[in-house]
Amino acid sequence: MKMDADYSRATDGATGATLTVLGLETSCDETAASVVRLSAAGAEVLSSVIHSQIDDHAAYGGVVPEIAARSHVEMIDGVTRRAMSEAGLDWSALDGVAATAGPGLVGGVMVGLSYGKAAALARGLPLIAVNHLEGHAVSARLGAETTYPFLLLLVSGGHCQLLEVRGIGDMSRLGTTIDDAAGEAFDKIAKAMGLGYPGGPALEKLAASGDGSRFELPRALLGRKDCDFSFSGLKTAASRLAQTCETDQDRADLADAVQKAIARQLAERTERAMKDYAEAHPELSDGALKQPSAAREAVGLDQAALKQPSAEREAVGRKLFVVAGGVAANRTIRRTLEDLATKHGFAFLAPPMIYCTDNAAMIALAGAERLEKGLTSDIDVAARPRWPLDEARANVDPVHKKTGRKGAKA
């Protein structure tokens with residue numbers, strides 16, 4: 001399936017070659033640049049630089065698009081130069097430039113994409129416009145040797161989707177949120193509880209000392225037979241309960257209830273997708289990865305832990321479940337989904353913690369995989385505020401029926 005008409009196929013695809021790609025990411029409130037080398041041995045991150053804008057937006061309780069775009073303009077050149085320096089390379093060592101072209105805050109997307117276009121033109125390099133969500137989809141491949149296909153739960157601040165991933169640019173949507181994303185629910189509930197921005201990590205920290213059994217929160221879509229999600233009811237109920245909390249323990253208990261409720265819904269809908277995926281792929285064998293719990297816990301916390309024995313991370317021919325996106329950094333959700341994968345005979349994989357949230361290494365890797373297939377972008381490729389991974393499904397069966405000039409949302 002061809003993802004986007006802006007891609008053209010080069011006549012001399014670089015399949016099997018070692019490719020070194022610069023990636024740029026500016027879709028929200030991180031200005032990021034990374035250099036990744038893709039070879040037969042896998043992906044090697046040569047550098048990954050991220051400038052966070054948390055301090056710029058904290059006073060507003062969320063990301064202000066105009067402030068974000070201006071910060072990207074100020075930081076993109078310095079961040080890119082630092083990434084090249086830390087990689088120990090000059091521009092002549094690059095095989096291509098990959099930049100996020102959407103979805104995201106379009107003002108910020110335009111900054112990184114425009115810089116990428118300029119760099120590609122000036123250095124005579126191919127440009128690869130990357131779907132930010134596709135970057136998340138391949139991000140687990142930054143920490144382990146991973147083969148296609150796999151079942152993916154992409155769960156972040158703006159997106160919550162279940163997808164079958166057969167390869168780069170070849171993904172089918174199995175389910176998506178019909179309203180709010182899980183990360184959005186985390187952040188808005190945290191804001192209602194007075195936890196500040198970003199809310200997700202603060203709520204997770206607070207939940208560690210809480211007892212969520214005190215609060216009963218709604219469970220959405222229990223009667224539906226599909227794999228879609230809904231978090232708006234949970235968000236509204238928890239925000240109202242937050243107004244009744246009088247003590248720190250009250251807030252900790254509510255935080256624990258919220259975290260468990262979100263993890264429960266993610267598991268319930270994912271379990272349905274796992275059953276459907278297993279039926280559709282009888283050729284894939286059962287058997288979760290036999291990794292010691294200590295090794296699993298270390299993944300993402302220490303770069304040295306990424307070099308796991310191949311026997312522990314090999315999943316060829318097995319059913320593989322991948323969770324990616326910023327919410328994948330939540331430990332309770334990781335443990336819940338890992339237990340679910342084991343129950344249904346899936347190998348479980350999540351990106352290292354440093355690659356769960358927005359970063360440019362995942363953009364560079366997605367760009368390298370596209371370049372390996374000979375897929376490049378025209379220099380006039382446009383920034384897109386919306387860009388579904390399964391665009392054909394989104395256009396035929398949009399979650400939001402009135403898509404408008406921006407296109408289908410998911």
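## Helix α11

In this predicted model, the buried residues of α11 (buried meaning under 20% relative accessible area with a 1.4 Å probe, protein chains only) are Thr332, Ile333, Arg334, Leu337, Glu338, Leu340 and Ala341. An α-helix has 3.6 residues a turn, so residues three or four places apart point the same way. Helices here are DSSP runs of H or I with at least four residues, and strands are E runs of at least two, numbered from the N terminus.

Helix α11 covers residues 331-343, and its end C-alpha atoms lie 18 Å apart, in agreement with the 18 Å expected for 13 residues at 1.5 Å a residue (the expected span being 1.5 Å times one less than the number of residues). At the N-terminal end, Asn330 acts as the cap, with a side-chain oxygen 3.0 Å from the backbone nitrogen of Thr332. Just after the helix comes Gly345, with a positive phi of about 75 degrees.

## Ser47 in strand β4

Now for Ser47, which sits in strand β4 (residues 42-52). Ser47 counts as buried because its relative accessibility is 3%. Beyond its neighbours within four places in sequence, its contacts (heavy atoms within 4.5 Å) are Ala33, Ser34, Val35, Ala83, Glu86 and Ala87. The Ser47 side chain reaches the backbone oxygen of Ala83 at 2.7 Å.

## The whole chain

The chain holds 13 helices and 12 strands, and 54% of its 410 residues are buried.

## Notes on the model

Residues are numbered from 1 along each chain as its sequence is written, and side-chain values use heavy atoms, leaving out hydrogens and water. Because the model is predicted, local features need pLDDT of at least 70 and side-chain atom pairs count only at pLDDT 80 or more, while totals for chains, interfaces and linings use all residues.

Note on methods:
Buried means under 20% relative accessible area, exposed over 50%, partly exposed in between (1.4 Å probe, protein chains only). A polar contact is a pair of N or O atoms within 3.5 Å; within protein, one must be able to donate a hydrogen and the other to accept it, and residues adjacent in sequence count only if both atoms are side-chain atoms.
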